[in-house]
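Biologist: I should like to go through the assignments in this structure and hear the criterion behind each of them.

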Amino acid sequence: MNAPVPAIAMRGVWTRYKETVIHKDLDLTVAPGDVLGLVGGSGSGKTTLLREMLGLLRPARGTIELFGQDLDDPDPLAQRAVRRRLGMLFQHGALFSALSVFDNIAFPLRELKCLDEAWIRQLVHLKLAMVELEPRHGRLMPAELSGGMVKRVALARAIALEPELLLLDEPTAGLDPDRSDNFVRLIKQLQRELGFSVVMVTHDLDTLAGLSNKVAVLADQHIVASGPLLDIMSVDHPFIRNFFCCERGLAALQQAHN
Amino acid sequence: MSPGPVLQLKDGCAVLSGTWTLAALVPRLAVLQGDLAAAAAGAASWDLTAVSHLDSAAATLLWRTWGGAHPASLAASEAQRHILDRVAALPPEAPPPVRPRRSPVTLLGRVVLRILHNLYGLVALFGQLLLDGLHLARHPGEIPWKEFSANLYKAGAQALPVSALVGFLIGITISYLSALQLKTFGADLFIVNILGISIIRELGPVLVAVLVAGRSGSAMTAQIGVMRVTEEIDALATMGISRTVRIILPKVVALTLAMPLLVLWTSAVALVGGMAAAYLQLDLSPGYFIDTLPRAVPVANLVIGLAKGAVFGFAIALVACHFGLHVRPNTESLSAYTTTAVVTAITTVIVVDALFAVFTRQVGMPQL
Ligand SMILES: Nc1ncnc2c1ncn2[C@@H]1O[C@H](COP(=O)(O)OP(=O)(O)OP(=O)(O)O)[C@@H](O)[C@H]1O
Ligand SMILES: [Mg+2]
């Protein structure tokens with residue numbers, strides 16, 4: 001059997017906003033079933049990288065393939081097919097402000113145009129329950145949610161289509177520790193059941209240690225190291241040393257193993 | 001690609017295999033749903049062990065097929081049972097709240113109440129602006145000069161070209177149409193009276209008001225609305241800066257001041273347009289036109305026109321700001337309020353114009 005097609009393959013990617021170069025010759029591969037934690041300093045271009053994976057932003061140079069499908073493919077149907085295979089949790093939620101929580105989650109399902117309304121209702125309530133929201137929360141508007149609730153609704157919307165690849169931008173920022181643990185558990189469980197791949201940007205060591213089986217470090221405009229967390233921690237790089245600064249990192253790791 | 005969802009009936013047992021995921025289900029949903037319904041009727045036991053992927057969408061589908069209960073006998077892996085249990089654990093659906101039907105009387109009452117509510121809001125905003133004015137009179141250092149001049153430039157100076165264009169064309173049109181009529185009566189010379197009175201007293205102010213309501217009024221509502229959506233107004237308040245002084249007062253004052261000037265400018269350009277058309281159509285020399293204008297149109301008309309301009313400008317800005325402050329933080333409300341603001345502003349202008357017409361009916365008519 002030949003090697004499985006990687007969920008994401010980025011090769012030689014350059015990104016620039018006007019004069020500022022954000023990524024310089026960046027390579028990144030995510031195998032199917034991987035949970036990749038992407039870490040890097042604030043403003044190092046993590047969100048930008050996710051936007052490129054989504055095809056919202058074209059890199060100046062280099063290629064990006066999702067499930068072996070080049071994102072530059074001009075065929076709109078192929079584009080849509082590949083987009084439906086991924087879900088994205090935006091850093092600030094990006095909920096549709098004019099739609100209620102229920103309709104936000106139901107939106108991608110309705111777009112399939114073949115599920116009946118009763119089924120959609122059941123699925124939405126299921127997703128709400130998964131992110132620990134109650135059915136009555138479905139009637140709220142996005143402006144009436146707390147910051148953490150926005151995150152959870154956004155996650156529910158991201159997993160509405162049962163994606164094969166989930167992109168999470170700081171999923172646990174703004175959640176209380178308990179919720180954040182539950183979040184880690186939820187993603188882990190879903191990941192076991194469905195075997196999807198996850199790319200997750202996070203600054204939270206607990207989330208990183210608890211969830212990811214691989215870590216990629218974005219610094220100096222490219223991926224300086226990528227691999228299992230334990231290997232990464234021994235890499236000698238100023239950012240990595242600071243980020244995991246010994247005790248902090250070890251404590252989190254201990255927690256994860258217990 | 002992994003094989004799609006497969007359903008087979010083997011002597012009373014429904015055997016599922018392949019991937020049962022939403023993406024795989026969608027292309028052949030209609031057929032599958034029929035097959036599942038048939039299987040549910042015929043089979044007592046279900047076997048999911050050969051299914052490679054089962055997601056919650058497929059689990060809900062199965063659950064619905066089974067009529068919301070586990071089948072008599074079910075062979076499934078631990079993980080699959082877990083997914084099914086999650087579906088089973090969903091609380092039974094509460095019926096959607098029935099909306100009471102509203103009678104036309106209630107609807108009418110609502111509309112009236114909303115209008116009263118908005119009127120109240122406008123009066124309250126006006127009162128607040130007066131208080132702010134008093135405050136600024138005592139603390140001249142706090143007067144927001146920069147915002148004021150920025151608004152004057154945006155609402156006034158930048159509106160000059162478009163109002164000139166519209167004014168010029170309207171002037172030509174009216175002059176041309178009137179000339180055709182006057183010619184038949186041989187009353188060519190009265191073109192000056194008709195153009196002068198109608199443009200200076202009526203058309204100029206109303207035309208500019210409609211233009212400005214669409215141009216600056218909508219911009220004000222949208223700007224204040226977005227500032228509300230993004231919580232910028234709250235940020236201002238936290239810094240101890242009054243939103244009325246910093247945002248609303250400069251807009252209202254600037255538009256009240258800019259409108260008469262715009263009216264003057266537009267009326268002048270419209271008269272030039274009318275003069276040109278009269279020259280071409282009736283052979284009326286511009287010299288005669290300019291000579292006769294002051295005699296045909298008493299100066300009171302100009303005063304009325306400018307006063308209208310100021311009042312219209314004030315009304316437009318006040319209405320636009322009022323609605324901007326009431327935008328709810330979502331895109332739908334933003335667009336609805338911007339529309340409402342423009343419509344209300346134009347309606348207000350027309351109403352005020354009618355009032356002007358009633359109260360100044362004895363003023364400024366030429367004695368013949
Ligand atoms: N639309 C844009 N135009 C110009 N520069 C941009 C734009 N978006 C982002 N940038 C710049 O790109 C850099 C990377 O931004 P990005 O949002 O990817 O950072 P990040 O790694 O996600 O940071 P954080 O952890 O704070 O979310 C920043 O320096 C930012 O200023
Ligand atoms: Mg970011």
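**Criteria and assignments**

Modeller: The contact between the chains takes 26 residues from chain A and 24 residues from chain B, where contact means heavy atoms within 4.5 Å. This is a predicted model, in which local features need pLDDT of at least 70 and side-chain atom pairs count only at pLDDT 80 or more, while totals for chains, interfaces and linings use all residues. Residues are numbered from 1 along each chain as its sequence is written, chains are lettered from A and ligands numbered from 1 in the order in which they are written, and side-chain values use heavy atoms, with hydrogens and water left out.

Biologist: What is the area buried between chain A and chain B?

Modeller: About 2,300 Å² is buried between chain A and chain B, and carbon and sulfur atoms give 65% of this area. Buried area is the accessible area (1.4 Å probe) that two parts lose on being put together, summed over both.

Biologist: Why is the pair of B:Arg64 and A:Asp116 called a salt bridge?

Modeller: The rule asks for a side-chain nitrogen of Lys or Arg within 4 Å of a carboxyl oxygen of Asp or Glu. The closest N and O atoms of B:Arg64 and A:Asp116 are 3.0 Å apart, so the pair satisfies the rule. Across the interface of chain A and chain B, one salt bridge is found. Helix H4 (117-130) and helix H6 (177-194) of chain A each supply at least two residues of the side of chain A that touches chain B; helices are DSSP runs of H or I with at least four residues, strands are runs of E with at least two, and both are numbered from the N terminus. H4(A) gives the most to that side, with ten residues.

Biologist: Which residues does the salt bridge between helix H13 and helix H12 of chain B tie together?

Modeller: The side chains of B:Asp353 and B:Lys308 meet at 2.8 Å, N to O. B:Asp353 lies in helix H13 (residues 331-359) and B:Lys308 in helix H12 of chain B, so the pair ties together parts 45 residues apart in sequence. Both B:Asp353 and B:Lys308 are buried, that is, under 20% relative accessible area, with exposed being over 50% and partly exposed in between (1.4 Å probe, protein chains only).

Biologist: What makes A:Asp236 exposed?

Modeller: The relative accessibility of A:Asp236 is 63%, so it passes the limit for exposed residues. Its salt-bridge partner A:Arg241, with N and O atoms 2.3 Å apart, has 47% and therefore counts as partly exposed.

Biologist: Why is the pair of B:Phe126 and B:Phe314 called edge-to-face?

Modeller: Rings of Phe, Tyr and Trp (its six-membered ring) pair if their centres lie within 6.5 Å; planes under 30 degrees apart count as stacked, over 60 as edge-to-face and the rest as tilted. B:Phe126 and B:Phe314 are 5.4 Å apart centre to centre, with 75° between the planes, so they form an edge-to-face pair. B:Phe126 is in helix H5 (residues 104-138) and B:Phe314 in helix H12 (residues 299-325) of chain B, 188 residues apart.

Biologist: How do you know that A:Arg61 lies over the face of A:Trp14?

Modeller: A charge sits over a ring if NZ of Lys or CZ of Arg is within 6 Å of the ring centre and within 35 degrees of the ring normal. A:Arg61 lies over the face of A:Trp14 at 4.5 Å from the ring centre, and A:Arg157 over that of A:Phe96 at 4.7 Å.
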